[in-house]
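Hello,

Here is the structure I promised to pass on to you. Have a look at it first, and then read my notes below.

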Amino acid sequence: MQLTSPASQVQQAIARHFSTLDKKHPFYTAKQQAWHAWGQVGFPSLKNEAYKYTPIADMLAGVFDLSQPATTSKLTQEAILPLHHHGLDAYQLVLLNGQLSGNHSQLGNHKHSLQVLTFSEAYQQHQALFLQHLSQHAQDEVDAFEALNTALFEEGTFIYIADHAVLEKPLLIYHIIDTQATQSLTYPRLLIAVGQNSQASLVIDWRTLGQHPSFINAVTEIMLGKDARLDYCTLQIQMGQAYQVNTTQCYQASQSEFNNYTFTWDGMLVRNNLHIHIDAPHSEANMYGLYCLDGRQHVDNHTRVNHTKPHTQSYELYRGILAGEATGVFNGRIYVRSEAQKTHAFQANNNLLLTDQATIHTKPQLEIWADDVKCSHGATTGQLDEAQLFYLTTRGIPADTARYMLLNAFASDVIDRVPLVVLKPYLQQALEKKLSTLGIKDY
């Protein structure tokens, strides 16, 4: 009797699904090319260095039937309304199981500065711009999940911010995954183009409604024009029984600024791929992440910054709090190419382990081919400082409160960097709730 590996089982299931796709799909040629690329790299196993500590094939094979098509949803407005941030003044965009829902979205009257279209509509109305950026800014290496998303997505969402536009309010994108009736498979796809000399803030909020597990393979491509600025915040705080691979690709033109914030403390398995290509002088990328885990959660942050031109800079700070039997992974790599002289790059990953069973795998890396640069990287892993705890308790502060204060200060160094003042109270409240599940009481 011949046994197949979990990776082989998953590949066979996905192949059965791909064979059923409509060959008349408007992007079927691109899908075929992506399918061929995915076949070349195969489904990642633990032998793949980029997924060495994330047994994703084992997890997916044991939970999902990936031969099934993407799951649709018909949630009503009454079901969605309680999920909204009612205290946040923002334009609202709703995607149900990865598909744009115009009936549930509230974008106001900003057709000249902000347009939200399906890929089919974008192909008709902005064909040149759309094709210029769809799947055109990938890194040198083919990522299996990005290729798989391209092969299997049914319909994507195109967000276009015009030249010289400044969005006066953030655009809040609700990714709502409906698992009330059954487990869910989704392949969300976003393409975001920010025009020259424009500014915008986007908040991506992942929500799960239901108790069944979900597999989410999401890809977001971002293009920043000259002198553009984008603040991009991802919230993975209310994801339930989600298994998610979330890939974000950002391409930066000259004098652009990209600020990325990722908050993760819910979900069974979360893999965040953040790849930034700084392809012009005087551009800047800042990356901040906070993950807070317990139980048997697994979160893997895999970042890559590619400096290809001179006078660019990047700053990266990720922090993690791990309890229970949780596992955290941080793999950050900064490339400084030979032409990228005068590059400034900083990278740090700091972790606190609250239990003996919690695990962190951290690997910050620099690859530098230029000689006139200022670059540094580092990582720390430890427990709460006993001296600080002793100092606080001797001042009459209860031990639980003292631990909470130290953890809150550790995490707040990331939360405080979020430029959206209206979002910070929600993040702080969500953090307090998460810390309470770790046995750390609020004071």
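Asparagine 349 has alanine 379 in E20 as its bridge partner. This is a predicted model, so please read everything here in that light. The pair belongs with strand E18 (residues 344–353) and E20, which run parallel and are joined by 9 bridges.

Zooming out, these strands are part of an open sheet of 10 strands with mixed pairing. If you want to trace the sheet on screen, the order is E2-E1-E5-E8-E10-E12-E14-E16-E18-E20. Strand E2 (99–100) and strand E20 (374–382) stand at the edges; each has a single partner strand, so one side of each is left without a neighbour in the sheet.

Two helices pack on this sheet. Helix H9 (residues 399–415) touches strand E12 (257–264), strand E14 (284–293), strand E16 (313–322) and E18. The direction of H9 makes about 150 degrees with that of E16. Helix H10 (residues 424–437) packs on the sheet as well, touching strand E8 (199–209), strand E10 (229–238), E12, E14 and E16. For H10, the angle to the direction of E10 is about 30 degrees.

H10 turns up again in the second largest pocket, which has a volume of about 270 Å³. Which residues line the second largest pocket? They are Ile237, Gln238, Trp265, Asp266, Tyr426, Gln429, Ala430, Lys433, Lys434 and Thr437. E10 and H10 are the elements that give two or more residues to this lining, and H10 gives the most, with 6 residues. Sorted by class, the lining of this pocket has 4 nonpolar, 3 polar and 3 charged residues.

Now for the enclosed spaces. The structure holds 2 cavities of 30 Å³ or more.

The largest cavity has a volume of about 80 Å³. Its lining is made up of Thr234, Asn246, Thr248, Asn260, Thr262, Asn272, Asn273, Leu274, Asn301, Thr303 and Tyr318. Strand E11 (242–252), E12, strand E13 (269–278) and strand E15 (298–307) are the elements that give two or more residues to it; E13 gives the most, with 3 residues. As for the character of this lining, the largest cavity has 9 polar and 2 nonpolar residues, and no charged residues.

The second largest cavity holds about 30 Å³ of space. Around the second largest cavity you will find Ala70, Asn97, Gln99, Phe153, Glu154, Thr186 and Tyr187. By class, this lining divides into 3 nonpolar, 3 polar and 1 charged.

Last, a word on charges. Side chains of opposite charge can pair when their charged atoms come close. How many salt bridges does the structure hold? There are 14 salt bridges, and one is worth finding in the viewer. In it, the side chains of glutamate 49 and lysine 363 meet, at 3.4 Å from N to O. This pair links distant parts of the chain, 314 residues apart. Glutamate 49 is in the loop between helix H2 (28–41) and helix H3 (56–63), while lysine 363 is in strand E19 (residues 359–368).

Happy to go through any of this with you at the screen.

Best wishes

Definitions and conventions:
Residues numbered from 1 in each chain as written. Predicted model: local features only at pLDDT ≥ 70, side-chain atom pairs only at ≥ 80, totals over all residues. Heavy atoms only, no water. Pairing = 2+ DSSP bridges. Helix = DSSP H or I, 4+ residues; strand = E, 2+ residues; numbered from the N terminus. Contact = heavy atoms within 4.5 Å. Axes fitted to C-alpha atoms, helices over the stretch in contact; angles between N-to-C directions. 1 Å grid on protein atoms, 1.4 Å probe; cavity = no way out; pocket = protein on both sides within 12 Å on 5 of 7 lines; lining within 4 Å. Points joined across faces, edges and corners; volume = space filled by probe spheres on them. Nonpolar A, V, L, I, M, F, W, Y, C, P; charged D, E, K, R; others polar. Salt bridge = Lys/Arg side-chain N within 4 Å of Asp/Glu carboxyl O.
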